[in-house]
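This report describes how one chain of a predicted model is built and how it meets its partner. The contact between the chains comes first, and the sheet and its helix follow.

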Amino acid sequence: MTIADDPATTAPGYKWVGTRPIRPDGFEKVTGRARFGADLMLAGMLEGSVLRSPHAHARITSIDTTKAASIPGVKAIITGADFPEPAGNPTDQDMCRNAIARDKVLYEGHVVAAVAATSKRVANQALAAIEVTYEVLPHVMTVDEAMAPGAVLLHDNMITKGVDPAPTEPSNVASRVVYQRGELDKGFADADVVVERTFTTKPVHQGYIEPHAAVADTTPDGRSTVWCSSQGHFAMRAYSAKVLGWDPSRLKVIPAEIGGGFGGKTTIYLEPLAVRLSQKAGRPVRLVMGRDEVFKATGPASASKVKIKMGANKAGEITAAELWMAYEAGAYPGSAIGAGSMTALAPYNIPHFIIEGFDVVVNKPRVYSYRAPGAPQSAFAVESVVDELAHKLGIDPIDFRLKNAVEEGMQAPYGPKYQKIGFRETLEAIKNHPHYTAPLGPNQGRGVAAGFWFNAGMNSSAVVHVNEDGNVTVVTGSPDIGGSRASMALMAAEEFGIDYDRVRPLVADTEQVGFNDVTGGSRVTLATGAAVVEACRKVIADLRGRAAKTWDVPVEQVEWVDGQAQHVDGSQPPLSLAAIAKGWARTGGPISAAASLNARGVGAGFSTQIVDVEVDPDTGHTQVVRYTTAQDAGRAIHPSYVEGQLQGGVVQGIGWALNEEYVYRADGTMDNPSFLDYRIPVASDLPMIDAVIVEVPNPGHPYGVRGVGEVGIVPPLAAVANAVAAATGQRFTDLPLSPPRVLDGILNGTDAN
Amino acid sequence: MVRVFFSAGLRSLTGGATDIEVEAGTVKRLLAELDARYPGMAERLSEGTAVAINGEIINDALYEPIPDGAEVHFLEALKGG
């Protein structure tokens, strides 16, 4: 279902944009022919295994690989000593130490060594024979523990940034951010109702089905080819090179198909280890993580603690908000506390607020991006309190949000003024949806919530070739996760005026196309799409020139219409793309063009969602019975894949709200590193997610595109919690809303009441 | 002239000033001007910072032109997922 803000202006007569053809990579994927990270087999390839820390925090006092190396079939063993001293800026150095530990391990799962052998069995046997001695250190597992006076330190020299004057003593607080407007006291004095609560969330994993995998073939000339599943092979090249101490150009990274990433595959784990093992062994090496390694050693999203106080007047205007937020960074600085702070109040025009955020290291895996990184945690707190304020004031929750909603020209809480945005349209889409007024059954409750995400532009490159038969090849370097091959082909087909099936979109390796940033930040359809459109337009200009040459007329007299060159006065028979291609040798040679850009014109995304849940009063189990999401897509190039993004974000948010959490033992080791014990929602758990595409075109993109991949995960945490509050009469402030927690709240009340 | 706004985290360098007007045709010139007025500002904004010009957030914006009358904000550079 698609809702356009103004049908007169948003139905410009596209032939391909907005249609739903089969994805170009669909055949290979449904027939099992597509090759994912672990599928590659090379002649002479060795299998690798990684030795990981069993401790949450320990000093490595010795590593002895003698016994392991003597096992027949073992071809290479590496430790931190096989890598150069970390160099570059602090973030780069942390990345190097996270890739393989040197003197200290900072979390269970931290890499200590790796082995390459003739079989996985032998590699695992060798791992068991590596003798590591540790001096086990005390650990801190939560922001409360890590921020407490006298807490054990992960990093002896970490001074909190963003505090003036700078602290003189190190701590586990990596940085502090502050966003502020107006006079807080005045804002709260203007309020008729104030709600004050503390919210917490646990670490949650992106939960991609395909574990990390990498194959490296390092050759004696000092170069290496890497095949890996990632969201950006250029980033894998750059990051791996930093860990190895190499120039990036010594590495060629070939993108495998990717079985889910959601932000978690925008960084390296196995790649530099595979390269070094292959270099030492002189043979190709494959490394594949098990699910337990994925949980223990790759970056989840931050656990969070958010204290919030918000006030509103009887007219329904939010007058003030005060937020204190602390996000777990894991072992190294770098949580998304900045984005969490900037997005927290972004949907609302609030005259007086302060947001103070802290990035806090703990003895857990270093967190990494997860769909709209940082935004879901703060939105859980804000949207829960917004819901409660609306109810206390007796105002419909959508009307309350409409009353305070930001619009174009208003100043965002993080500073700049909003450009063209469609928040209000998503609120109205939900309010006008039949779901909003549908009757509820026994033990059921309804919740709504909204969310914001910036979206991104960044760097992209594309090459467009016209083949000799007049078909077109579109080459980019953006791994296709959510259907971007189809989107690129649709935009190229629209530009050329040819059938979609005549466009072949490819994802090329790091040596075959110019640089592309990661497939992340909801940026590919916008940014890589803009590069494709620009390259297509260069080719079309060339085609017009060749037609002009053929007809011996000025190029100004040639138009490109419906896949062919036409003379403006019709005095020449049209020349099709195929006809021009056929004669290219006479008009200047093969036809192709490239475009590279640092994308501009990013359009921000908003989503509003409504959910009905049914809570079993005897077990505390929460069943989602109906869910509708409305999101501004700007323009849906391929509506089916846009709907897929909307639905996927919601489903992951439901998991975050109801089930998912890292459970740790007292010794700082993870108790549930499998999909049996870490419960993500599956199809049988959920109803159909009704996706409403709202189209408020982004004026910054040739087709009006806004990124759609991330903002959908921002509202569900609060939407579900608001629905559970409506169903049970209890306000839950700690996620996940697993049956034991909900049952306890039903039986004994929650602290929040 | 362009109007530059300072987030709460930068105001310790500006003596509490929330915004100023300066002459600057590019982000690079703006940073030089700000560093001259508020020593340390250029270093503070050298890494991990994006620039918003008239509402458009731009990473790696050092040579970006700034139109006359524009509003400029400095933001933390963002990662997507």
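## Interface and sheet of chain B

In this predicted model, 34 residues of chain A are in contact with 20 residues of chain B. On the side of chain B that touches chain A, β4 and β5 of chain B each supply at least two residues, and β5(B) gives the most, with 4 residues. The composition of that side of chain B is set out by residue class below.

| Class, side of chain B that touches chain A | Residues |
|---|---|
| Nonpolar | 6 residues |
| Polar | 8 residues |
| Charged | 6 residues |

The strands named at the interface also belong to the sheet of chain B, an open sheet of 5 strands in the order β2-β1-β5-β3-β4, in which the pairing is mixed. Its edges are formed by β2 (19-22) and β4 (56-58) of chain B, each of which pairs on one side only, and from one strand to the next the twist averages 30°. Strand β4 of chain B is therefore to be read in two settings, as an edge strand of the sheet and as a strand that supplies at least two residues to the side touching chain A.Within the sheet, β1 (residues 2-5) and β5 (residues 71-76) of chain B run parallel and are joined by 3 bridges; in β5(B), B:V72 is the bridge partner of B:V4.

Helix α1 (residues 27-37) of chain B lies across β1, β2, β3 (49-53) and β5 of chain B, and runs at about 65° to β1(B).

Technical notes
Residues are numbered from 1 along each chain as its sequence is written. Chains are lettered from A and ligands numbered from 1 in the order in which they are written. This is a predicted model: local features need pLDDT of at least 70, side-chain atom pairs count only at pLDDT 80 or more; totals for chains, interfaces and linings use all residues. Two strands pair if DSSP finds at least two bridges between them. Axes are lines fitted to C-alpha atoms, for helices over the stretch in contact, and angles run from 0 to 180 degrees between N-to-C directions. Two residues are in contact if their C-beta atoms, placed from the backbone, lie within 7 Å. Ala, Val, Leu, Ile, Met, Phe, Trp, Tyr, Cys and Pro count as nonpolar, Asp, Glu, Lys and Arg as charged, and the others, Gly among them, as polar.
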